[in-house]
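I wanted a first look at this one, so here are my notes. Two things to look up: how a pair of chains meet, and how a sheet is put together.

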Amino acid sequence: MATKTLNIIESAYRATLEEQDDTIVWISSALRGASAEVDVLLEGSAVNYAVRGQDATGLALGTWQQSQPPRLDHDIKNLMDKGAAVFFVADDAAERGIERTDMVDGVQPIARRDMAQLFSGYGRIWRW
Amino acid sequence: MTTYLLIGSQDPFEHSGVQKLYSLAADLAAAGNEVTLMLVENGVLAARRSTVSEALQDLSAKGVSVLADSFALRERGIEQARLQSGVQPAPIDHVIEHLEAGAVAFWN
Amino acid sequence: MNDSKKKTLTFAIMDAPFESARSTTAFRLMDAALRRGHDVRVFAYEGAVALTFDKQAAHPNAVHGRDAAEEDHPLPKDQVRALQALAKDKGCTMEWINCGLCVDERGVGEAIEGTKRGTPGDLWKWAESSDNTLIIPTRG
């Protein structure tokens with residue numbers, strides 16, 4: 001049986017305009033596509049990935065225009081649609097003024113003090 | 001009980017996440033796990049007695065084994081006599097030893 | 001090493017060459033693993049795919065007052081080759097997969113021998129068949 005793996009994402013908006021996604025959300029989704037048992041924990045400013053209504057459209061440089069900007073809230077939702085649980089550190093969200101109602105449906109809050117308990121359910125912790 | 005290896009590379013004077021890493025190490029130890037914190041790169045800047053180093057002594061007192069990469073210490077001119085109590089210099093092989101033994105290892 | 005003690009360790013790395021201490025720390029870990037007789041697998045993701053780019057070139061350093069030979073500037077591709085040689089010497093294997101999409105977008109397809117292109121699925125297969133896996137992230 002595959003070992004359950006928790007991918008932790010903390011770096012936020014690192015090369016998301018450049019890659020048109022977050023590379024760790026992307027690889028988590030790719031791994032899910034390969035039947036991997038991967039869940040995701042959003043920590044630090046990456047909790048903002050679950051905020052609905054993000055709009056990165058309109059980047060234009062000279063004659064170049066970005067046609068496929070990142071859609072991180074959609075990517076989080078798609079990841080959950082593939083069966084991944086997506087957790088976020090509630091303390092980090094509160095610290096940043098993010099309310100539960102700001103976030104896409106389905107993401108699960110976890111108190112920072114309960115992270116150790118969350119980890120106990122996983123054979124691998126991959127902090128990217 | 002699970003054996004955890006936490007690898008800390010961030011500069012404690014620049015990154016607030018370092019304190020969160022220390023708290024996580026303490027929480028994992030309090031939950032009955034065997035926990036080692038291995039400081040590498042600029043993470044070892046916390047190991048020299050300073051305004052931030054007592055946190056490592058506290059961690060050690062809570063049962064976390066606190067190690068600092070001896071190469072990174074030497075690279076930064078941090079002598080053993082200046083290390084905060086509770087911090088032990090260790091070769092990078094300690095990381096491999098933990099991986100060999102099947103520790104759940106992650107980097108911060 | 002007794003085969004029962006021989007392990008297979010997988011590392012995932014992300015940092016581009018010449019930009020952080022992380023690549024060197026990762027290489028030190030691989031070196032230590034090989035010296036202890038273990039098989040090593042490396043999945044290079046994002047900028048780390050350039051670590052094995054074959055067109056890396058050493059340069060002189062006028063500030064140091066040294067020509068290219070004297071400067072002997074470290075090149076990650078040579079360090080990877082040295083790790084491959086160590087693996088051979090120790091009777092271990094060192095496998096290296098570069099994320100193919102990451103290679104293409106960076107144009108660094110000309111990699112040294114002993115490396116392959118792959119996908120995240122390869123990382124997962126390796127993780128499932130290894131004794132342990134360490135993700136080495138890119139961060140400050």
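Before I start on the sheet, a reminder to myself: two strands pair if DSSP finds at least two bridges between them. Also noted: this is a predicted model.

Entry one, the sheet in chain B. I looked up strand E3 (residues 65-69) of chain B and found it joined to E4(B) by four bridges. The two strands run parallel. I picked out one spot along them: B:Val66 stands opposite B:Val87, which sits in E4(B).

Then I went for the whole sheet. It is an open one of five strands in chain B, and I read the order as E4-E3-E2-E1-E5, with parallel pairing. Which strands sit at the edges? They are strand E4 (87-90) and strand E5 (104-107) of chain B, each pairing on one side only. From one strand to the next, I get an average twist of 25°.

Entry two, chain A against chain C. I find 22 residues of chain A in contact with 18 residues of chain C. Between them the chains bury about 1,700 Å², and 62% of that is on carbon and sulfur atoms.

Next I checked the charged pairs. There are three salt bridges between chain A and chain C. I looked up A:Arg124 and C:Glu128, whose side chains meet in a salt bridge at 2.8 Å, N to O.

What does chain A bring to the side that touches chain C? Helix H2 (23-33) and strand E7 (124-127) of chain A each give two or more residues. H2(A) has the largest share, six residues. By class, I have 12 nonpolar, four polar and six charged residues on that side of chain A.

Conventions: Residues are numbered from 1 along each chain as its sequence is written. Chains are lettered from A and ligands numbered from 1 in the order in which they are written. This is a predicted model: local features need pLDDT of at least 70, side-chain atom pairs count only at pLDDT 80 or more; totals for chains, interfaces and linings use all residues. Side-chain values use heavy atoms; hydrogens and water are left out. Contact means heavy atoms within 4.5 Å. Buried area is the accessible area (1.4 Å probe) that two parts lose on being put together, summed over both. A salt bridge is a side-chain nitrogen of Lys or Arg within 4 Å of a carboxyl oxygen of Asp or Glu. Ala, Val, Leu, Ile, Met, Phe, Trp, Tyr, Cys and Pro count as nonpolar, Asp, Glu, Lys and Arg as charged, and the others, Gly among them, as polar. Axes are lines fitted to C-alpha atoms, for helices over the stretch in contact, and angles run from 0 to 180 degrees between N-to-C directions.
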